[in-house]
Amino acid sequence: MATDPQRDEARADSQDGTSQDGSSPQEHSRPQDSRPEEPQRNPVRRLFAPTPDAEKRTLADILRTETVGGVLVLVAAVLALLWANSPWGETYKTAAEFVPWPGGEFLGLDLNLKHWASDGLLAIFFFVVGLELKREFVVGELRNPRRAVLPVVAAVAGMIVPALFFFVIASTAGGDALRGWAIPTATDIAFALAVLAIVGKYLPSALRAFLLTLAVVDDLLAITVIAVFYTDDFHPLPLLGAVLPIVAFALLVRLRGPWWPVLLVLGVLAWGLVHESGVHATIAGVLLGFMVPVLGRGGSEPGPAEHLEHRWRPISAGVAVPLFALFAAGVSLGGGGIATAFADPVVPAVMAGLVLGKLVGIFGATFLMAKFTGAQLDANLSWWDLIGLSLLAGIGFTVSLLIGELAFGAGERGENVKVAVLLGSVLAALLASVVLGIRNRAHRGAQPNGAG
């Protein structure tokens with residue numbers, strides 16, 4: 001590297017206590033030359049801190065997989081609706097109710113394909129969620145309390161306010177209608193990211209990071225709700241028995257070697273015991289995900305969690321969730337099906353929770369935090385960006401349908417809930433697309449020559 005002789009000479013003189021012109025530091029600090037120091041200004045607090053480069057790379061990998069997965073889920077949902085409303089609609093019901101293993105009755109595993117998709121395949125989805133949660137708490141946004149407080153508060157408000165909307169509207173129905181209070185509280189990250197990828201190419205990456213972190217916290221809260229409020233027939237002994245394979249999984253996953261067949265057997269065993277306990281079997285996937293180390297032995301390199309997430313996320317996004325959507329989204333809309341569904345107060349309650357509740361909860365919590373803490377948005381962000389993102393969080397497909405099944409089963413009200421979730425999610429996606437599409441054009445115009 002080239003050096004500047006004058007700068008080096010000045011540095012040497014300063015080290016000797018004299019300046020370049022031969023005068024001492026005291027001569028340069030005469031009273032007439034001194035000026036009162038200006039008070040230091042407090043740094044401006046920002047609602048969305050810059051995302052570290054390592055986190056950006058991880059975020060980009062997740063976004064690519066989840067966006068493709070969201071498209072596949074959308075295709076599966078449309079296929080389910082077309083199949084259920086076609087002249088071959090009965091074959092859809094027959095396929096969903098087919099029991100591939102009748103001999104599993106003694107283990108409680110004589111489940112039809114629909115239940116295998118929701119109880120079995122979704123366990124893979126929740127295993128990946130467990131890995132995401134562990135990574136966020138160890139090296140991600142949730143590691144730093146100052147950075148975590150905003151998405152945590154927004155996610156909590158984004159669940160409480162939709163539940164309140166549901167309570168207010170569904171309370172007129174009486175009976176067991178209030179069992180579905182948690183249906184509009186969930187966000188489908190795959191669908192949301194797919195919409196964001198289509199309409200928000202030029203939106204700041206901070207919005208994507210915020211949406212992903214918010215959705216991870218949302219998943220954690222949804223898992224807790226499922227485990228606590230939707231477990232009717234609880235058997236503690238099988239759940240205690242599940243501790244053994246989970247602990248063995250935790251110990252073995254830390255060892256280097258070709259242990260994956262044993263890990264798979266331990267995971268299936270833990271899943272079976274949790275299923276037998278009466279707790280929804282997908283909780284086993286979350287617990288197993290929490291057991292995987294995020295960092296390697298030295299603490300400076302990625303651990304098994306990154307390897308397992310790269311292996312299982314495509315299976316979750318490309319196979320497990322689309323198959324669940326295929327068997328969960330098929331609802332008959334003909335013969336006055338939609339009009340009949342709207343006669344049930346649960347339907348407008350779910351829709352209002354997804355569209356209005358998420359908007360008021362997430363945007364309201366973010367706005368109030370800014371007012372009470374004095375934090376500001378970055379110069380390249382607008383409150384309209386947050387409004388669009390809050391609407392986008394109202395897409396509550398996968399977990400909302402799962403909670404609807406747990407709350408109401410496969411009866412008439414369960415079918416009505418499917419209609420509500422589908423229509424509410426579509427409405428939220430359309431409104432978010434309009435707002436974010438306008439903001440995307442504004443962000444694109446603000447970039448040099450419109451380049452991304």
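Glu 415 is partly exposed, with 24% relative accessible area (partly exposed falls between buried, under 20%, and exposed, over 50%, using a 1.4 Å probe and protein chains only). Its side chain meets that of Lys 418 in a salt bridge, 3.4 Å from N to O (a salt bridge being a Lys or Arg side-chain nitrogen within 4 Å of an Asp or Glu carboxyl oxygen). Lys 418, by contrast, is buried at 7%. The two sit three residues apart in helix H18, about one turn of the helix (helices are DSSP runs of H or I with at least four residues, strands are E runs of at least two, and numbering starts at the N terminus).

All of this comes from a predicted model, where local features need pLDDT of at least 70 and side-chain atom pairs count only at pLDDT 80 or more, while totals for chains, interfaces and linings use all residues. Residues are numbered from 1 along each chain as its sequence is written, and side-chain values use heavy atoms, with hydrogens and water left out.

Now for the overall picture. The protein has 18 helices and zero strands. Of its 452 residues, 48% are buried. About 22,400 Å² is exposed, and carbon and sulfur atoms supply 65% of that (areas come from the Shrake-Rupley method with a 1.4 Å probe, and for residues only the protein chains shown count as cover). Taking contacts between residues at least 6 apart in sequence, 80% join residues at least 24 apart (contact here means heavy atoms within 4.5 Å).

Back to the charged pairs. Side chains of opposite charge can pair when their charged atoms come close. The salt-bridge count for the protein comes to eight. One of them links Arg 313 and Glu 309, at 2.3 Å from N to O, and both of these residues are buried. Because they are four residues apart in helix H13 (residues 304-328), about one helical turn separates them. Salt bridges with shared partners also bring Glu 132 into one network with Glu 309 and Arg 313.

Another salt bridge joins Asp 344 to Arg 413, with the closest N and O atoms 2.9 Å apart. Asp 344 is in the loop between helix H14 (337-342) and helix H15 (346-373), whereas Arg 413 belongs to helix H18 (residues 412-446), so the pair ties together parts 69 residues apart in sequence. Asp 344 counts as buried at 8% relative accessibility, while Arg 413 is partly exposed at 22%.

Next, the nonpolar interior. Nonpolar side chains tend to be buried together in soluble globular proteins. The largest nonpolar core here holds 98 residues, and the members that touch the most others are Phe 126, Leu 211, Val 350, Leu 392, Phe 397 and Val 399 (a nonpolar core is a set of buried Ala, Val, Leu, Ile, Met, Phe, Trp, Tyr and Cys residues joined through side-chain atoms within 4.5 Å). Helix H8 (residues 205-229) gives the most to this core, with 12 residues. A second, separate core has 14 residues, among them Phe 249, Leu 266, Leu 288 and Leu 308. As for Val 350, leaving out residues up to four places away in sequence, its contacts are Phe 166, Ile 183, Pro 184, Ala 420 and Val 421.

Thr 187 sits in the loop between H6 and helix H7 (189-199) and is buried, with just 3% relative accessible area. A polar atom of the Thr 187 side chain lies 2.8 Å from the backbone oxygen of Ala 393. Beyond neighbours within four places in sequence, Thr 187 is in contact with Asp 218, Asp 219, Lys 358, Ala 393, Ile 395 and Gly 396.

Phe 290 lies in helix H12 (residues 282-290) and is partly exposed at 26% relative accessibility. Setting aside residues up to four places away in sequence, Phe 290 touches Gly 130, Leu 133, Lys 134 and Leu 220. Its C-alpha is 8.7 Å from that of Ala 250, a residue 40 places away in sequence.

Finally, the surface. Val 152, Val 156, Ile 160 and Leu 164 make a nonpolar patch of about 300 Å² (patches take residues with over 30% relative accessible area and no salt bridge, joining like charges within 9 Å and nonpolar side chains, namely Val, Leu, Ile, Met, Phe, Trp and Tyr, within 5 Å). Val 152 lies in helix H6 (residues 145-170) and is partly exposed at 31%.

Conventions. Polar contact = N/O pair within 3.5 Å; in protein donor to acceptor, adjacent residues only side chain to side chain.
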